[in-house]
Amino acid sequence: TPTTIALLSSLSSLLLQLAILESNSINSEDVYNQLFKGNWDTFYGRFEWASDRSQLHSSIFVQYWNGTSNDLLNIVSPPQTQTSNLIFPMPTYDERVYLDRTVPAEWLVVAVYIAFCCATLIMLGLVIANRSTHSMKSTPISFLLIII
């Protein structure tokens, strides 16, 4: 799901592109003036400016809920961009169904971590079991700690 920053950055780029195309110029003043004359339908809704150059547009309103990965984020307003109806009131937490979103790479990280912990415990056991041998007695304790 895109972040708000990504959404607004894309919208800004689109508005600049539309202003350049409609002004048929890349002159800053021409583009600036055309930007405030513009009245466009965008993926973010209607975008236009008032006479005092304040922004007039309808924001999209979204709602998250359970479902497949494609319909977790649903646009509920404005009607021209709506993908679903608003669910109100939202189901309680006890009524919601949670999807397992664990990916195989996460399970791999867990397996590697468990293997590392087991190897560390085995090495610690070997050091403790062999602490009386000649080679262990002559090895500095700092080296043994590094190995573990």
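A polar contact is a pair of N or O atoms within 3.5 Å; within protein, one must be able to donate a hydrogen and the other to accept it, and residues adjacent in sequence count only if both atoms are side-chain atoms. The model is predicted: local features need pLDDT of at least 70, side-chain atom pairs count only at pLDDT 80 or more, and totals for chains, interfaces and linings use all residues. Residues are numbered from 1 along each chain as its sequence is written, and side-chain values use heavy atoms, with hydrogens and water left out.

**Exercise 1. Describe the order of elements and the confidence of the chain.**

Step 1. Helices (H or I, at least four residues) and strands (E, at least two) are DSSP runs, numbered from the N terminus. The protein chain has five helices and five strands.

Step 2. Read from the N terminus, the order is α-α-β-β-β-β-β-α-α-α.

Step 3. pLDDT is the predictor's confidence in each residue, from 0 to 100. Its mean over the protein chain is 77, and 72% of the residues reach 70 or more.

Step 4. Among the elements, helix 3 has the highest mean pLDDT (87), and helix 5 (residues 141-147) has the lowest (67).

**Exercise 2. Follow the chain from the end of helix 1 into helix 2.**

Step 1. Start with S23, which is placed in helix 1. Buried means under 20% relative accessible area, exposed over 50%, and partly exposed in between (1.4 Å probe, protein chains only). S23 counts as buried because its relative accessibility is 19%.

Step 2. List the partners of S23. A polar atom of the S23 side chain lies 3.2 Å from the backbone oxygen of I20. Contact means heavy atoms within 4.5 Å; not counting residues up to four places away in sequence, S23 touches D30, V31 and Q34.

Step 3. Move on to N24, in the loop between helix 1 (4-23) and helix 2. N24 is not a glycine, yet has a positive phi of about 55°. Most residues other than glycine have a negative phi. With a relative accessible area of 70%, N24 is exposed.

Step 4. Take S25, in the loop between helix 1 and helix 2. At 16% relative accessibility, S25 is buried. Its side chain reaches the backbone nitrogen of N27 at 2.9 Å. Leaving aside neighbours within four places in sequence, S25 is in contact with I20, D30 and V31.

Step 5. Find the cap. A side-chain oxygen of N27 lies 2.8 Å from the backbone nitrogen of E29, and N27 caps the N-terminal end of helix 2.

Step 6. Enter helix 2 (residues 28-37), where V31, Q34 and F36 are buried.

**Exercise 3. Place R46 and state its exposure.**

Step 1. R46 belongs to strand 2 (residues 45-49).

Step 2. A relative accessible area of 26% makes R46 partly exposed.

Step 3. L56 is ten residues from R46 in sequence, and their C-alpha atoms are 8.0 Å apart.

**Exercise 4. Locate I114 and say which residues make a nonpolar surface patch with it.**

Step 1. I114 is in helix 3 (residues 104-129).

Step 2. I114 counts as partly exposed because its relative accessibility is 48%.

Step 3. Patches are made of residues with over 30% relative accessible area and no salt bridge (a side-chain nitrogen of Lys or Arg within 4 Å of a carboxyl oxygen of Asp or Glu). Like charges are joined within 9 Å, and nonpolar side chains (Val, Leu, Ile, Met, Phe, Trp, Tyr) within 5 Å.

Step 4. W107, V110, Y113 and I114 make a nonpolar surface patch of about 460 Å². Accessible areas come from the Shrake-Rupley method with a 1.4 Å probe; for residues, only the protein chains shown count as cover.
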